[in-house]
Amino acid sequence: MSKKDLKNRKTLLYTIKKLSKLAKDFSTKKNNEKIFVCKKCGKANHLEDLKKNLFICSQCSSYFPLTGIDRFDMLLDKGYRVIDYNSKKTNPINFPNYRNKKEDEKTEAVKIARGKILGHPVLVASLINTYMLGSLGTYVGEEITKMIEEAEKKQLPIVIISLSGGARMQEGIFSLMQMAKISSALYSFGEKGGLYISLLTNPTMGGVSASFAAQGDYNIGEPGALIGFAGPRVIKETLREKIPDNFQKAENLENFGFLDMIIERKNQREIIGKILRMHRSKYGRL
């Protein structure tokens, strides 16, 4: 190897190391500052700015997914309580490497709160996509069912906020059974005069969209939310046809009557509160 080649190689290695360090520094800075990049337009949004803007991109106005606590903070009056019904986190078909005990101790794909919206008592369940894409498993099904049963007993309205990829494949048929279990609890709840408000966010897919997410007395969508059973890519590849740009979007579903209304985040608390006030004669107390 000539001296020139050796010099070029050293220069190249130095450049690679420098770029790697810059990438690492940027990653560390990004994590420390909690920057979120919009998948639609690519704009970097600081966490504090997102919170002020209800987790909506300041450039293209697309919606970021919200965690359960962020949802509760936005929707509920101060003083709400996060609750759980101590459902078991199991691995019913012994799926390999499914349950991470350390992670499961902290969270699962649903959070539930007991509180009020504009002074009206309510129970709220929020699916969380940061845990296995908000998928519907036995734990999620059991927690939501118990919440509905409590609401029926205490004559409380319920709100379920859907954010899910669908049924959880790691639990097989046991996951699919949750669709029927929750639907059955909702039927009993409705027969007793219970009020159920379903808020469908991006995305609401698979077994969730095909069961409890679509069974509300009021079915409300967020702007631009993807709602359907199989995703547009799967449908496009199956049919081998071009599908419309607004296919499975909330706005299109509203036109066909699948959704009763679409509400921007800034208005959800007020409008849901008004719906609760309209039905307040049925309510019990927290």
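**Exercise 1.** In this predicted model, determine whether E171 and R168 are buried or exposed, and state how their side chains meet.

*Solution.* Step 1: the cut-off for a buried residue is a relative accessible area under 20%. Step 2: E171 has a relative accessibility of 0% and therefore counts as buried. Step 3: R168 is buried as well. Step 4: the two side chains form a salt bridge, with an N to O distance of 4.0 Å.

**Exercise 2.** Identify the salt bridge between R99 and E171, locate both residues along the chain, and name the network to which they belong.

*Solution.* Step 1: the closest N and O atoms of R99 and E171 are 3.7 Å apart. Step 2: R99 lies in the loop between β3 and α4, whereas E171 lies in the loop between β6 and α6 (172-191). Step 3: with their positions 72 residues apart, the pair links distant parts of the chain. Step 4: salt bridges connect R99, E108, R168 and E171 in a network.

**Exercise 3.** Describe the salt bridge of D77 with R269 and classify each partner by its accessibility.

*Solution.* Step 1: side chains of opposite charge can pair when their charged atoms come close. Step 2: in the pair D77 and R269, the closest N and O atoms are 2.7 Å apart. Step 3: D77 is in the loop between α3 and β3, and R269 is in helix α10 (residues 265-278). The two residues are 192 residues apart, and their pairing links distant parts of the chain. Step 4: D77 has 17% relative accessibility, so D77 counts as buried. R269, at 28%, is partly exposed. Step 5: for the model, the count comes to 15 salt bridges.

**Exercise 4.** State the volume of the largest pocket and describe its lining.

*Solution.* Step 1: the largest pocket holds about 980 Å³ of space. Step 2: its lining has 36 residues, of which K39, Y63, F64, P65 and N202 are the closest to the centre. Step 3: two or more lining residues come from each of β1 (35-37), α2 (47-52), α3 (68-75), β6 (158-164) and β7 (196-204). Step 4: by class, the lining comprises 18 nonpolar, ten polar and eight charged residues.

**Exercise 5.** Give the corresponding description of the second largest pocket, and name the element that gives the most to its lining.

*Solution.* Step 1: about 180 Å³ of space lies in this second largest pocket. Step 2: I83, D84, V110, K111 and Y139 are the closest to its centre among 13 lining residues. Step 3: β4 gives the most to the lining, with three residues. Step 4: the classes are five nonpolar, one polar and seven charged residues.

Technical notes
Residues are numbered from 1 along each chain as its sequence is written. This is a predicted model: local features need pLDDT of at least 70, side-chain atom pairs count only at pLDDT 80 or more; totals for chains, interfaces and linings use all residues. Side-chain values use heavy atoms; hydrogens and water are left out. On a 1 Å grid over the protein atoms alone, a cavity is a set of points where a 1.4 Å probe fits but cannot get out, and a pocket is an open set with protein on both sides within 12 Å along at least five of seven lines; lining residues have an atom within 4 Å of a point. Grid points are joined across faces, edges and corners, and a volume is the space filled by probe spheres set on the points. Helices (H or I, at least four residues) and strands (E, at least two) are DSSP runs, numbered from the N terminus. Ala, Val, Leu, Ile, Met, Phe, Trp, Tyr, Cys and Pro count as nonpolar, Asp, Glu, Lys and Arg as charged, and the others, Gly among them, as polar. Buried means under 20% relative accessible area, exposed over 50%, partly exposed in between (1.4 Å probe, protein chains only).
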